[in-house]
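I opened this notebook to keep track of what I looked up, one topic at a time. The entries below go from charged pairs to rings, then to backbone and core.

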Amino acid sequence: MGQSFYQELRTEQQLGYIVFAGFGQIQRTLNLYFLVQSGAHPAGTLAERMDAFIPKFVQDFKALPEKEFERYRQAVIEAKLERDSTLEQYARRIFWIVFRNEENWDYISEDIRAVHALTRAEVEAALETYLLGEGRRRLMIRLVGRDHPEGTMDGEPVPLPPASQGKPLARAN
């Protein structure tokens with residue numbers, strides 16, 4: 001998804017100089033994140049274009065030839081089999097296993113078995129449900145520079161408490 005997002009929003013639409021999409025996990029919740037930083041377009045425009053990307057991505061995925069789907073499946077498996085290349089990566093993985101994954105040391109093998117068993121229809125159903133479905137959840141953070149022509153924005157800004165203005169926010173645990 002990251003390459004498609006970059007191609008569409010950075011290369012074709014030229015919306016920003018930093019364009020990125022990826023995935024992560026916070027405890028047991030998977031998430032996708034999209035980032036576009038632009039000095040030329042208002043935050044509302046960026047949000048609209050990001051929102052328009054998702055249905056197009058799902059449509060393009062459904063049109064993907066079976067060979068291409070299998071190539072992506074194999075790439076996921078190969079990425080899971082990659083060895084840690086730095087001590088930091090190794091330490092993060094061990095920390096995650098011990099403190100966040102209930103000491104499940106065989107999670108990579110379990111993940112690979114799950115990827116092997118996953119059908120294309122299951123992936124398409126998940127994309128429909130979690131990216132396009134009525135129950136999808138999202139958190140949108142818009143940061144607008146002081147001198148940026150922000151245009152119109154939906155929603156209301158969340159004011160910071162007076163004590164935190166000008167100070168870094170504490171990290172939530």
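What follows are my entries on this structure, which is a predicted model.

**Entry 1: salt bridges**

I began with the charged side chains, and the search of the whole structure returned 11 salt bridges. I then went through several of them by residue.

R120 was where I spent most time. Its side chain meets that of E66 in a salt bridge, at 3.4 Å from N to O. When I placed the two partners, I found R120 in helix α6, which covers residues 120-132, and E66 in helix α3, which covers residues 66-81, so I noted that the pair links distant parts of the chain, 54 residues apart. I also looked up how accessible each partner is: R120 counts as buried, with a relative accessibility of 14%, a value that falls under the 20% cut-off for that class, whereas E66 is partly exposed at 44%.

R120 has a further acidic partner in E124, and here the closest N and O atoms are 3.1 Å apart. This contact stays inside one element, since R120 and E124 both belong to helix α6 and sit four residues apart, about one turn of the helix. I added beside it that salt bridges with shared partners join E8, K56 and D60 into one network.

For helix α4 I noted the bridge between the side chains of E88 and R92, at 3.0 Å from N to O. The two residues are four apart in this helix, which runs over residues 87-100, and are therefore separated by about one helical turn. R92 is exposed, with a relative accessible area of 57%.

**Entry 2: charges over rings**

Which ring has R120 over its face? It is the ring of F61, and the distance to the ring centre is 5.7 Å. I found a second case in R71, which lies over the face of Y72 at 5.4 Å from the ring centre.

**Entry 3: aromatic pairs**

Next I turned to ring against ring, and the structure holds seven aromatic pairs. In the pair of F5 and F34, the ring centres are 5.0 Å apart and the planes stand at 50°, so I recorded the pair as tilted. F5 comes from helix α1 (residues 2-12) and F34 from strand β2 (residues 29-37), so this pair ties together parts that are 29 residues apart in sequence. F5 is buried, its relative accessible area being 0%, while F34 counts as partly exposed at 25%.

I compared this with F61 and F69, whose ring centres are 6.0 Å apart and whose planes meet at 80°, which means that the pair is edge-to-face. F61 is buried at 12% relative accessible area, and F69 is buried as well, at 6%.

Returning to F5, I noted that ring pairs link it with F34, F53 and F57 into a cluster.

**Entry 4: the core around F5**

How many residues does the largest nonpolar core have? I read off 18, and the members with the most contacts inside this core are F5, L9, V36 and L127. Helices α1, α2 (43-62) and α6 and strand β1 each supply at least two of its residues, and α2 gives the most, with seven.

I then listed the neighbours of F5, leaving aside residues up to four places away in sequence: it touches R10, V19, F20, A21, F34, L35, V36, M50 and F53. F34 in this list is also the ring partner of F5 from the previous entry, and V36 is one of the core members with the most contacts.

**Entry 5: backbone**

I went back to α4 to look at its length. The helix has 14 residues and reaches 19 Å from its first C-alpha to its last, close to the 20 Å expected at 1.5 Å a residue. After α4 comes E102, whose phi is positive, near 50°.

My last look-up was Q14, which has a positive phi of about 50° although it is not a glycine. Q14 is placed in the loop between α1 and β1 (18-26), and it is exposed, with a relative accessible area of 57%.

Note on methods. Residues are numbered from 1 along each chain as its sequence is written. This is a predicted model: local features need pLDDT of at least 70, side-chain atom pairs count only at pLDDT 80 or more; totals for chains, interfaces and linings use all residues. Side-chain values use heavy atoms; hydrogens and water are left out. A salt bridge is a side-chain nitrogen of Lys or Arg within 4 Å of a carboxyl oxygen of Asp or Glu. Buried means under 20% relative accessible area, exposed over 50%, partly exposed in between (1.4 Å probe, protein chains only). Rings of Phe, Tyr and Trp (its six-membered ring) pair if their centres lie within 6.5 Å; planes under 30 degrees apart count as stacked, over 60 as edge-to-face and the rest as tilted. A charge sits over a ring if NZ of Lys or CZ of Arg is within 6 Å of the ring centre and within 35 degrees of the ring normal. The expected span of a helix is 1.5 Å times one less than its number of residues. A nonpolar core is a set of buried Ala, Val, Leu, Ile, Met, Phe, Trp, Tyr and Cys residues joined through side-chain atoms within 4.5 Å. Contact means heavy atoms within 4.5 Å.
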